[in-house]
Amino acid sequence: MSKKAKHRHDDATIPVAHDGDVFARLDADRETRCGAPEAVFALRKTPRETLAIAKALVKRQGNALVTRADNTTCDLLRKNWPKGLYGSRNGTALVGAVPKVRDDARYVALAAAGTSDLPVVEEAELTLLSLGIPCRRHIDIGIAGIHRLFERLDDLAGAAVVITVAGMEGALPSVIAGLVRAPVVAVPTSVGYGAALGGITALLGMLTSCAPGVTVVNIDNGFGAAVAAAKMLGVYAAPSATAEASGPASGRIKGGKK
């Protein structure tokens, strides 16, 4: 590797240290390379590790998206960014400067089969907001009462992309994909009784959907679904961030102050 190439590689990596020990190396070039910046997957990280990484990202890019944080970590984030946006169900947080919702992007619909699927919806919603993409929630429209879906069909049909979140047998994406022109991103959730196998049954059902063109992500992966939707839209990370906001358009994700 040439000295020039090595220098570019080093510039794209930000070491993060605690007590003198480097425990993380941030991919600072990911937004330029892939269209969406690196997020912080907080699961199995200590609260201080997550905080240090989030601070480094905020310094570099103005904000940071944190997923799968526990209550202690969320409390620490709130102390540092009291005006951040925080989900209440799945440890997702958007800290630092919140991008303005774009006026050049059509909305993404978030369709959840049941209220039990809301943790995954929150993760997808905050990921979309971190990219400045407007979104609309449609909760508890599963096929057990399919008339509830039909009541929301006009709004689903008007979306640029529909992220469909469902557990149990995972049938909702097939139904929606058979009714709308928009791309459907299906998220199986680990919701269901024994034979649901922690989301595997829903995953296999979505992969074998008879409705063509359904994109399926991993179990409970709201973050991945949102990034897939952004790439379908050709909408990537907002070029600049605004001052901290008190809450998104949906009004359901809460600001940091309790």
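This text goes through a predicted model, taking a sheet, the helices on it, one further helix and a set of salt bridges in turn.

The sheet is open and has five strands, in the order β8-β7-β9-β10-β11, with parallel pairing. Its edges are formed by β8, residues 135–138, and β11, residues 215–216, each of which pairs on one side only. Further in, strand β7 (residues 108–112) runs parallel to strand β9 (residues 161–166), and five bridges join the two. Within this pair of strands, Val-108 is placed opposite Val-161 of β9.

Two helices can be placed relative to these strands. Helix α9, residues 200–207, packs on the sheet and touches β9, β10 (184–188) and β11; the angle between its direction and that of β10 is about 155°. Helix α10, residues 222–233, lies across β7, β9, β10 and β11, and runs at about 165° to β9. Strands β9, β10 and β11 thus appear in the list of α9 and also in that of α10, while β7 is named for α10.

Helix α4 comes earlier in the chain and spans residues 71–80. Which of its residues are buried? They are Thr-73, Cys-74 and Leu-77. Because these three cover an arc of only 100° around the axis, they lie on the same side of α4. The general geometry of an α-helix is relevant here: with 3.6 residues a turn, residues three or four places apart point the same way. On the other side of α4, the exposed residues are Asn-71, Thr-72 and Lys-79. The cover over the buried residues of α4 includes helix α3 (47–61) and the strands β4 (63–67), β5 (85–86) and β6 (93–96). At the N-terminal end, α4 is capped by Asp-70, which has a side-chain oxygen 3.3 Å from the backbone nitrogen of Thr-72. Thr-72 therefore has two roles in this description: its backbone nitrogen faces the cap, and the residue is exposed on the side of α4 away from the buried set.

The last topic is charged side chains. The model has five salt bridges by the rule used here, and three of them are described below, including two that involve edge strand β8. In one, the side chains of Arg-137 and Glu-125 meet at 2.7 Å, N to O. Arg-137 belongs to strand β8 and Glu-125 to helix α5 (residues 118–130), so this pair ties together parts that are 12 residues apart in sequence. Are the partners buried or exposed? Both Arg-137 and Glu-125 are buried; for Arg-137 the relative accessible area is 11%, and the cut-off for buried is under 20%.

The neighbouring position in β8 takes part in another pair. Here the side chains of Asp-155 and Arg-136 meet in a salt bridge of 2.5 Å, N to O. Asp-155 is in helix α7 (residues 153–157) and Arg-136 in strand β8, so distant parts of the chain, 19 residues apart, are linked. Arg-136 is partly exposed, at a relative accessible area of 37%.

A further salt bridge joins Arg-148 and Asp-140, whose closest N and O atoms are 3.3 Å apart. Arg-148 is partly exposed, with a relative accessible area of 24%, and Asp-140 is partly exposed as well, with 32%.

Methods:
Residues are numbered from 1 along each chain as its sequence is written. This is a predicted model: local features need pLDDT of at least 70, side-chain atom pairs count only at pLDDT 80 or more; totals for chains, interfaces and linings use all residues. Side-chain values use heavy atoms; hydrogens and water are left out. Two strands pair if DSSP finds at least two bridges between them. Helices (H or I, at least four residues) and strands (E, at least two) are DSSP runs, numbered from the N terminus. Contact means heavy atoms within 4.5 Å. Axes are lines fitted to C-alpha atoms, for helices over the stretch in contact, and angles run from 0 to 180 degrees between N-to-C directions. Buried means under 20% relative accessible area, exposed over 50%, partly exposed in between (1.4 Å probe, protein chains only). The arc is that of the directions from the helix axis to the C-beta atoms. A polar contact is a pair of N or O atoms within 3.5 Å; within protein, one must be able to donate a hydrogen and the other to accept it, and residues adjacent in sequence count only if both atoms are side-chain atoms. A salt bridge is a side-chain nitrogen of Lys or Arg within 4 Å of a carboxyl oxygen of Asp or Glu.
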